[in-house]
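Here is a short briefing to read beside the structure. Take it one topic at a time.

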Amino acid sequence: ELISKGNHRHYMLKEIYEQPVVVAQTLRSYMRRIDDQVSLPIPDFDLSAIRRVTIVACGTSFYAGMVAKYWFEQFARIPVDIDVASEFRYREPVLEPGGLALFISQSGETADTLAALRHARAEGQKIAVVVNVPTSTMAREADLLLPTHAGPEIGVASTKAFTCQLAVLAALAANLARAKGRLSPEEEKKVVRHLAEAPAALNAALAYDEAIESMAGVIAGARDVLYLGRGPDYPLALEGALKLKEISYIHAEGYAAGEMKHGPIALIDDAVPVIVIAPSGPLFEKTVSNMQEVQARGGKVVLISDYDGIAAAGDGCLATITMPKVHPLIAPLVYAVPVQLLAYHVAVAKGTDVDQPRNLAKSVTVE
Ligand code: G6P
(Lines give C-alpha, C1' and ligand atoms only; values in the text may rest on other atoms or scores of the structure.)
Protein backbone atom coordinates (compact mmCIF):
# COMPACT_ATOMS: atom_id res chain seq x y z
CA GLU A 1 0.00 0.00 0.00
CA LEU A 2 1.35 3.36 -1.05
CA ILE A 3 -0.37 5.25 1.74
CA SER A 4 0.26 3.85 5.19
CA LYS A 5 -1.78 4.05 8.36
CA GLY A 6 1.31 5.24 10.24
CA ASN A 7 0.88 4.48 13.93
CA HIS A 8 -2.90 4.45 13.64
CA ARG A 9 -5.10 1.42 13.80
CA HIS A 10 -7.32 2.59 10.93
CA TYR A 11 -7.09 5.02 8.03
CA MET A 12 -10.10 6.83 9.42
CA LEU A 13 -8.31 7.62 12.68
CA LYS A 14 -5.19 8.69 10.82
CA GLU A 15 -7.28 11.00 8.65
CA ILE A 16 -9.07 12.48 11.66
CA TYR A 17 -5.65 13.25 13.15
CA GLU A 18 -4.38 14.83 9.94
CA GLN A 19 -7.01 17.57 10.07
CA PRO A 20 -4.99 20.33 11.75
CA VAL A 21 -2.30 19.96 9.08
CA VAL A 22 -4.49 19.55 6.01
CA VAL A 23 -6.89 22.31 7.03
CA ALA A 24 -3.88 24.62 7.51
CA GLN A 25 -2.59 23.53 4.12
CA THR A 26 -5.95 24.23 2.51
CA LEU A 27 -6.39 27.59 4.22
CA ARG A 28 -2.90 28.67 3.15
CA SER A 29 -3.94 28.59 -0.48
CA TYR A 30 -7.07 30.68 0.15
CA MET A 31 -5.80 33.49 2.31
CA ARG A 32 -2.91 35.92 2.35
CA ARG A 33 -1.49 36.49 5.79
CA ILE A 34 0.54 39.57 4.72
CA ASP A 35 -2.60 41.69 4.64
CA ASP A 36 -5.08 39.13 6.05
CA GLN A 37 -7.28 38.98 2.96
CA VAL A 38 -8.88 35.95 1.36
CA SER A 39 -7.46 35.13 -2.04
CA LEU A 40 -9.33 32.81 -4.36
CA PRO A 41 -8.48 31.99 -7.96
CA ILE A 42 -10.00 34.73 -10.09
CA PRO A 43 -12.85 33.34 -12.19
CA ASP A 44 -13.51 34.44 -15.77
CA PHE A 45 -16.91 35.71 -14.67
CA ASP A 46 -17.93 38.49 -12.34
CA LEU A 47 -18.59 37.20 -8.82
CA SER A 48 -20.30 40.44 -7.84
CA ALA A 49 -22.98 39.76 -10.48
CA ILE A 50 -23.99 36.42 -8.93
CA ARG A 51 -27.62 36.66 -7.84
CA ARG A 52 -28.21 33.16 -6.50
CA VAL A 53 -26.08 30.21 -5.50
CA THR A 54 -27.30 26.64 -5.98
CA ILE A 55 -25.33 24.10 -3.96
CA VAL A 56 -25.44 20.43 -4.93
CA ALA A 57 -23.60 17.47 -3.38
CA CYS A 58 -24.05 14.04 -1.80
CA GLY A 59 -23.37 12.54 1.61
CA THR A 60 -20.89 14.30 3.84
CA SER A 61 -20.09 16.81 1.09
CA PHE A 62 -23.77 17.79 1.12
CA TYR A 63 -23.55 18.62 4.83
CA ALA A 64 -20.52 20.84 4.14
CA GLY A 65 -22.77 22.57 1.60
CA MET A 66 -25.48 23.03 4.22
CA VAL A 67 -23.02 24.84 6.48
CA ALA A 68 -22.00 27.00 3.50
CA LYS A 69 -25.62 28.01 2.92
CA TYR A 70 -25.69 29.62 6.38
CA TRP A 71 -22.42 31.43 5.66
CA PHE A 72 -23.27 32.65 2.14
CA GLU A 73 -26.60 34.02 3.28
CA GLN A 74 -25.30 35.52 6.50
CA PHE A 75 -22.13 37.16 5.11
CA ALA A 76 -22.85 37.80 1.43
CA ARG A 77 -26.67 38.07 1.66
CA ILE A 78 -26.96 35.93 -1.46
CA PRO A 79 -29.95 33.57 -1.59
CA VAL A 80 -28.88 29.92 -1.61
CA ASP A 81 -30.68 26.79 -2.76
CA ILE A 82 -29.32 23.46 -1.73
CA ASP A 83 -30.16 19.93 -2.79
CA VAL A 84 -28.76 16.45 -2.72
CA ALA A 85 -27.65 15.71 -6.27
CA SER A 86 -30.06 12.84 -6.91
CA GLU A 87 -33.03 15.10 -6.13
CA PHE A 88 -31.72 18.24 -7.82
CA ARG A 89 -31.23 16.63 -11.18
CA TYR A 90 -34.81 15.41 -11.55
CA ARG A 91 -36.93 18.04 -9.83
CA GLU A 92 -36.68 20.47 -12.75
CA PRO A 93 -35.00 23.22 -10.73
CA VAL A 94 -35.51 26.79 -11.87
CA LEU A 95 -32.07 28.08 -12.75
CA GLU A 96 -32.07 31.70 -13.82
CA PRO A 97 -29.28 33.46 -15.71
CA GLY A 98 -26.69 34.95 -13.40
CA GLY A 99 -26.67 31.95 -11.10
CA LEU A 100 -23.68 30.16 -9.68
CA ALA A 101 -23.99 26.41 -9.23
CA LEU A 102 -21.58 25.03 -6.64
CA PHE A 103 -20.70 21.34 -6.53
CA ILE A 104 -18.87 19.84 -3.57
CA SER A 105 -17.22 16.43 -3.82
CA GLN A 106 -14.27 14.67 -2.27
CA SER A 107 -13.76 12.35 -5.24
CA GLY A 108 -14.97 14.60 -8.04
CA GLU A 109 -16.53 11.50 -9.60
CA THR A 110 -19.84 10.92 -7.78
CA ALA A 111 -22.25 10.14 -10.62
CA ASP A 112 -25.27 12.01 -9.25
CA THR A 113 -23.22 15.15 -8.57
CA LEU A 114 -21.59 15.01 -11.98
CA ALA A 115 -24.94 14.62 -13.74
CA ALA A 116 -26.24 17.60 -11.75
CA LEU A 117 -23.19 19.64 -12.76
CA ARG A 118 -23.78 18.94 -16.45
CA HIS A 119 -27.45 19.77 -16.09
CA ALA A 120 -26.63 23.11 -14.43
CA ARG A 121 -24.16 23.94 -17.17
CA ALA A 122 -26.74 23.18 -19.84
CA GLU A 123 -29.08 25.56 -17.97
CA GLY A 124 -26.55 28.39 -18.24
CA GLN A 125 -25.13 28.39 -14.73
CA LYS A 126 -21.53 29.25 -13.91
CA ILE A 127 -19.93 26.17 -12.39
CA ALA A 128 -17.84 26.25 -9.21
CA VAL A 129 -16.39 23.01 -7.87
CA VAL A 130 -14.88 22.24 -4.45
CA VAL A 131 -13.06 18.97 -4.96
CA ASN A 132 -10.28 16.98 -3.31
CA VAL A 133 -9.03 15.06 -6.36
CA PRO A 134 -7.54 17.67 -8.69
CA THR A 135 -7.44 15.31 -11.68
CA SER A 136 -11.12 14.34 -11.34
CA THR A 137 -13.86 14.81 -13.93
CA MET A 138 -15.58 17.53 -11.91
CA ALA A 139 -12.31 19.43 -11.55
CA ARG A 140 -11.93 19.40 -15.32
CA GLU A 141 -15.46 20.68 -15.91
CA ALA A 142 -15.32 23.65 -13.51
CA ASP A 143 -15.34 27.34 -14.40
CA LEU A 144 -14.05 28.07 -10.93
CA LEU A 145 -12.00 25.26 -9.41
CA LEU A 146 -11.51 25.38 -5.65
CA PRO A 147 -9.40 22.41 -4.58
CA THR A 148 -9.24 21.12 -1.03
CA HIS A 149 -5.76 19.99 -0.03
CA ALA A 150 -6.74 17.11 2.23
CA GLY A 151 -4.52 14.58 0.46
CA PRO A 152 -5.81 11.11 -0.45
CA GLU A 153 -8.71 10.02 1.76
CA ILE A 154 -8.86 6.24 2.12
CA GLY A 155 -11.45 5.66 4.87
CA VAL A 156 -14.85 5.28 3.24
CA ALA A 157 -16.41 7.58 5.84
CA SER A 158 -15.23 11.07 4.94
CA THR A 159 -13.49 13.09 7.66
CA LYS A 160 -10.61 15.33 6.65
CA ALA A 161 -12.16 16.10 3.26
CA PHE A 162 -15.18 17.54 5.13
CA THR A 163 -13.24 19.98 7.31
CA CYS A 164 -11.13 21.04 4.31
CA GLN A 165 -14.34 21.64 2.32
CA LEU A 166 -15.57 23.86 5.17
CA ALA A 167 -12.29 25.80 5.10
CA VAL A 168 -12.65 26.50 1.37
CA LEU A 169 -16.33 27.33 1.68
CA ALA A 170 -15.68 29.84 4.47
CA ALA A 171 -13.09 31.56 2.25
CA LEU A 172 -15.58 31.55 -0.63
CA ALA A 173 -18.26 33.05 1.63
CA ALA A 174 -15.88 35.87 2.55
CA ASN A 175 -14.95 36.38 -1.10
CA LEU A 176 -18.61 36.56 -2.17
CA ALA A 177 -19.33 38.95 0.68
CA ARG A 178 -16.48 41.19 -0.43
CA ALA A 179 -17.63 41.05 -4.06
CA LYS A 180 -21.12 42.06 -2.92
CA GLY A 181 -19.73 45.00 -0.91
CA ARG A 182 -20.79 43.41 2.35
CA LEU A 183 -17.38 42.92 3.92
CA SER A 184 -15.06 45.80 4.67
CA PRO A 185 -11.29 45.16 4.58
CA GLU A 186 -11.32 45.38 8.39
CA GLU A 187 -14.08 42.76 8.67
CA GLU A 188 -12.29 40.59 6.15
CA LYS A 189 -9.14 40.71 8.29
CA LYS A 190 -11.18 39.46 11.23
CA VAL A 191 -12.63 36.58 9.20
CA VAL A 192 -9.14 35.57 8.05
CA ARG A 193 -7.82 35.72 11.60
CA HIS A 194 -10.66 33.54 12.88
CA LEU A 195 -10.03 31.02 10.11
CA ALA A 196 -6.32 31.03 10.86
CA GLU A 197 -7.17 29.87 14.39
CA ALA A 198 -8.82 26.70 13.08
CA PRO A 199 -5.76 24.42 12.89
CA ALA A 200 -4.76 25.04 16.52
CA ALA A 201 -8.37 24.62 17.63
CA LEU A 202 -8.61 21.33 15.73
CA ASN A 203 -5.49 20.18 17.56
CA ALA A 204 -7.02 21.14 20.88
CA ALA A 205 -10.19 19.24 19.96
CA LEU A 206 -8.14 16.11 19.24
CA ALA A 207 -6.84 16.21 22.79
CA TYR A 208 -10.25 14.92 23.93
CA ASP A 209 -9.84 11.67 22.05
CA GLU A 210 -9.38 9.53 25.16
CA ALA A 211 -12.32 11.11 26.96
CA ILE A 212 -14.49 10.36 23.93
CA GLU A 213 -13.17 6.81 23.71
CA SER A 214 -14.10 6.21 27.33
CA MET A 215 -17.77 7.02 26.67
CA ALA A 216 -18.02 5.02 23.45
CA GLY A 217 -19.10 1.86 25.27
CA VAL A 218 -22.32 3.52 26.45
CA ILE A 219 -23.27 4.62 22.93
CA ALA A 220 -22.24 1.27 21.44
CA GLY A 221 -25.01 -0.40 23.46
CA ALA A 222 -27.73 1.89 22.11
CA ARG A 223 -30.19 0.97 19.38
CA ASP A 224 -30.98 4.56 18.40
CA VAL A 225 -29.04 7.77 18.85
CA LEU A 226 -30.24 11.32 18.24
CA TYR A 227 -28.00 14.28 17.35
CA LEU A 228 -29.21 17.85 17.83
CA GLY A 229 -27.76 21.17 16.69
CA ARG A 230 -28.85 24.61 15.54
CA GLY A 231 -27.78 27.04 12.83
CA PRO A 232 -24.47 26.16 11.17
CA ASP A 233 -24.09 23.40 13.74
CA TYR A 234 -27.32 21.69 12.65
CA PRO A 235 -25.60 20.15 9.60
CA LEU A 236 -23.05 18.77 12.07
CA ALA A 237 -25.84 16.94 13.84
CA LEU A 238 -26.74 15.41 10.48
CA GLU A 239 -23.09 14.58 9.80
CA GLY A 240 -22.69 13.04 13.27
CA ALA A 241 -25.69 10.80 12.69
CA LEU A 242 -24.42 9.85 9.22
CA LYS A 243 -20.96 8.96 10.55
CA LEU A 244 -22.44 6.78 13.29
CA LYS A 245 -24.77 4.99 10.86
CA GLU A 246 -22.05 4.46 8.28
CA ILE A 247 -19.47 2.80 10.47
CA SER A 248 -21.22 1.47 13.60
CA TYR A 249 -24.56 0.48 11.99
CA ILE A 250 -26.46 2.07 14.86
CA HIS A 251 -29.60 3.88 13.78
CA ALA A 252 -29.03 7.59 14.27
CA GLU A 253 -30.89 10.73 13.31
CA GLY A 254 -29.74 14.32 13.17
CA TYR A 255 -32.32 16.97 13.88
CA ALA A 256 -32.52 20.72 14.11
CA ALA A 257 -32.74 21.12 17.88
CA GLY A 258 -35.85 23.30 17.68
CA GLU A 259 -37.67 20.84 15.43
CA MET A 260 -37.34 17.95 17.85
CA LYS A 261 -40.58 18.84 19.57
CA HIS A 262 -42.40 18.20 16.28
CA GLY A 263 -41.68 14.50 16.26
CA PRO A 264 -38.53 12.89 17.52
CA ILE A 265 -39.21 13.87 21.11
CA ALA A 266 -41.66 10.96 21.06
CA LEU A 267 -38.65 8.64 20.79
CA ILE A 268 -36.97 9.90 23.91
CA ASP A 269 -36.51 7.56 26.83
CA ASP A 270 -33.52 6.57 28.92
CA ALA A 271 -32.33 4.14 26.23
CA VAL A 272 -31.80 6.82 23.57
CA PRO A 273 -28.58 8.80 23.96
CA VAL A 274 -28.94 12.34 22.64
CA ILE A 275 -25.78 14.08 21.45
CA VAL A 276 -26.20 17.86 21.69
CA ILE A 277 -23.80 20.04 19.71
CA ALA A 278 -23.95 23.46 21.32
CA PRO A 279 -20.97 25.83 21.23
CA SER A 280 -21.58 28.87 23.38
CA GLY A 281 -22.75 31.72 21.19
CA PRO A 282 -25.94 33.30 19.90
CA LEU A 283 -27.88 30.03 19.61
CA PHE A 284 -26.67 28.43 22.82
CA GLU A 285 -29.61 29.29 25.09
CA LYS A 286 -32.18 28.02 22.62
CA THR A 287 -30.32 24.76 22.08
CA VAL A 288 -29.99 24.25 25.81
CA SER A 289 -33.70 24.70 26.30
CA ASN A 290 -34.29 21.97 23.70
CA MET A 291 -31.77 19.83 25.55
CA GLN A 292 -33.68 20.33 28.78
CA GLU A 293 -36.86 19.13 27.07
CA VAL A 294 -34.96 15.89 26.41
CA GLN A 295 -33.73 15.64 29.99
CA ALA A 296 -37.21 16.25 31.38
CA ARG A 297 -38.29 13.09 29.54
CA GLY A 298 -35.51 10.97 30.97
CA GLY A 299 -33.25 11.32 27.90
CA LYS A 300 -29.52 10.79 28.41
CA VAL A 301 -27.61 13.75 27.02
CA VAL A 302 -24.02 13.96 25.86
CA LEU A 303 -23.30 17.69 25.64
CA ILE A 304 -20.53 18.86 23.32
CA SER A 305 -19.74 22.48 24.11
CA ASP A 306 -16.91 24.70 25.30
CA TYR A 307 -15.92 25.34 28.90
CA ASP A 308 -18.49 28.12 29.36
CA GLY A 309 -21.25 26.07 27.80
CA ILE A 310 -20.48 23.03 29.94
CA ALA A 311 -20.29 25.19 33.07
CA ALA A 312 -23.70 26.69 32.26
CA ALA A 313 -25.56 23.57 31.19
CA GLY A 314 -23.46 20.46 31.85
CA ASP A 315 -25.20 19.44 35.11
CA GLY A 316 -27.44 16.46 34.71
CA CYS A 317 -25.82 15.29 31.49
CA LEU A 318 -24.73 11.69 31.03
CA ALA A 319 -21.41 13.01 29.78
CA THR A 320 -19.85 16.21 28.50
CA ILE A 321 -17.15 16.82 25.90
CA THR A 322 -15.29 20.09 26.33
CA MET A 323 -14.12 21.84 23.19
CA PRO A 324 -11.83 24.87 22.99
CA LYS A 325 -13.71 28.15 22.94
CA VAL A 326 -13.77 29.31 19.31
CA HIS A 327 -15.40 31.94 17.15
CA PRO A 328 -18.78 30.70 15.81
CA LEU A 329 -17.39 30.84 12.25
CA ILE A 330 -14.97 28.00 12.88
CA ALA A 331 -17.16 26.01 15.28
CA PRO A 332 -18.42 23.67 12.51
CA LEU A 333 -14.82 22.70 11.70
CA VAL A 334 -13.80 22.19 15.30
CA TYR A 335 -16.95 20.36 16.41
CA ALA A 336 -16.56 17.95 13.50
CA VAL A 337 -13.69 16.34 15.43
CA PRO A 338 -15.61 15.03 18.47
CA VAL A 339 -18.45 13.92 16.21
CA GLN A 340 -16.01 11.90 14.05
CA LEU A 341 -14.13 10.49 17.04
CA LEU A 342 -17.32 9.41 18.75
CA ALA A 343 -18.49 7.48 15.68
CA TYR A 344 -15.02 6.00 15.28
CA HIS A 345 -14.71 4.73 18.85
CA VAL A 346 -18.26 3.38 18.90
CA ALA A 347 -17.51 1.43 15.71
CA VAL A 348 -14.27 0.08 17.19
CA ALA A 349 -16.16 -0.91 20.35
CA LYS A 350 -18.65 -2.78 18.17
CA GLY A 351 -15.88 -4.41 16.16
CA THR A 352 -17.07 -3.29 12.73
CA ASP A 353 -14.83 -2.79 9.70
CA VAL A 354 -14.23 0.91 10.20
CA ASP A 355 -12.41 1.69 6.95
CA GLN A 356 -14.59 -0.51 4.73
CA PRO A 357 -18.13 -0.46 6.14
CA ARG A 358 -20.57 -2.93 4.66
CA ASN A 359 -22.55 -1.90 1.57
CA LEU A 360 -20.73 1.43 1.16
CA ALA A 361 -18.29 2.62 -1.49
CA LYS A 362 -15.79 5.45 -1.27
CA SER A 363 -16.91 6.86 -4.57
CA VAL A 364 -20.34 6.09 -5.99
CA THR A 365 -20.15 6.15 -9.76
CA VAL A 366 -23.69 4.94 -10.49
CA GLU A 367 -26.76 7.17 -10.42
C1 G6P B 1 -20.07 8.10 -0.65
C2 G6P B 1 -19.08 8.10 0.50
C3 G6P B 1 -19.32 9.32 1.40
C4 G6P B 1 -19.29 10.59 0.58
C5 G6P B 1 -20.28 10.54 -0.59
C6 G6P B 1 -20.08 11.68 -1.54
O7 G6P B 1 -21.35 7.82 -0.17
O8 G6P B 1 -19.20 6.91 1.24
O9 G6P B 1 -18.32 9.38 2.42
O10 G6P B 1 -19.59 11.68 1.40
O11 G6P B 1 -20.08 9.35 -1.35
O12 G6P B 1 -18.82 11.55 -2.16
P13 G6P B 1 -18.03 12.72 -2.82
O14 G6P B 1 -16.76 12.07 -3.33
O15 G6P B 1 -18.87 13.25 -3.96
O16 G6P B 1 -17.78 13.75 -1.79
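Which residues does Ala-111 touch, not counting residues up to four places away in sequence? They are Val-364, Thr-365, Val-366 and Glu-367. Keep in mind that this is a predicted model. The points below begin with Ala-111, then turn to two sheets, a ligand shell and a helix.

**Ala-111**

- Ala-111 lies in helix H5.
- Its contact Thr-365 is 254 residues away along the chain, yet the C-alpha atoms of Ala-111 and Thr-365 are separated by 4.6 Å.
- Is Ala-111 buried, exposed or partly exposed? It counts as partly exposed, because it has 16 C-beta neighbours inside 10 Å. A buried residue would need 20 or more, and an exposed one would have 12 or fewer.

**The sheet with strands E3 to E7**

- This open sheet has 5 strands, in the order E4-E3-E5-E6-E7. The pairing is parallel.
- Which strands are at the edges? They are strand E4 (80–84) and strand E7 (144–147), and each pairs on one side only.
- From one strand to the next, the twist averages 20 degrees.
- Strand E3 (residues 52–57) runs parallel to E4, and 5 bridges join them. Take Val-53 as an example: its bridge partner in E4 is Val-80.
- Helix H5 (residues 111–122) packs on this sheet. H5 touches E3, strand E5 (99–105) and strand E6 (126–131). The direction of H5 makes about 165 degrees with that of E5.
- Helix H7 (residues 160–179) packs on the sheet too, touching E5, E6 and E7. Its direction makes about 145 degrees with that of E6.

**The sheet with strands E8 to E12**

- Here 5 strands form an open sheet in the order E9-E8-E10-E11-E12. The pairing is parallel.
- Why does one side of E9 and of E12 lack a neighbour in the sheet? Strand E9 (251–256) and E12 stand at the edges with a single partner strand each, so one side of each is left free of a neighbour there.
- Neighbouring strands of this sheet are turned by 15 degrees against each other on average, direction ignored.
- Strand E11 (residues 300–306) pairs with E12 in the parallel sense, over 5 bridges. Leu-303 has Thr-320 as its bridge partner in E12.
- Helix H10 (residues 209–220) packs on the sheet. H10 touches strand E8 (224–229), strand E10 (273–277), E11 and E12. Its direction makes about 150 degrees with that of E12.
- H14 lies across E10, E11 and E12. H14 runs at about 140 degrees to E12.

**Around the ligand**

- How many residues are around the ligand? There are 16, and Gly-59, Thr-60, Ser-105, Ser-107 and Thr-110 come nearest.
- Helix H3 (residues 59–76) gives the largest share of this shell, with 3 residues.
- The shell divides into 5 nonpolar, 10 polar and 1 charged.

**The buried side of H9**

- Helix H9 (residues 198–206) has these buried residues: Ala-198, Pro-199, Ala-201, Leu-202 and Ala-205.
- They are on the same side of H9, because they cover an arc of only 160 degrees around the axis.
- What do the buried residues of H9 pack against? Their partners are helix H2 (19–28), H7, helix H8 (185–196), strand E12 (319–323) and helix H14 (331–350).

Definitions and conventions
Residues are numbered from 1 along each chain as its sequence is written. This is a predicted model: local features need pLDDT of at least 70, side-chain atom pairs count only at pLDDT 80 or more; totals for chains, interfaces and linings use all residues. Two strands pair if DSSP finds at least two bridges between them. Helices (H or I, at least four residues) and strands (E, at least two) are DSSP runs, numbered from the N terminus. Axes are lines fitted to C-alpha atoms, for helices over the stretch in contact, and angles run from 0 to 180 degrees between N-to-C directions. Two residues are in contact if their C-beta atoms, placed from the backbone, lie within 7 Å. A residue is near a molecule or strand if its C-beta atom, placed from the backbone, lies within 6 Å of it. Ala, Val, Leu, Ile, Met, Phe, Trp, Tyr, Cys and Pro count as nonpolar, Asp, Glu, Lys and Arg as charged, and the others, Gly among them, as polar. The arc is that of the directions from the helix axis to the C-beta atoms.
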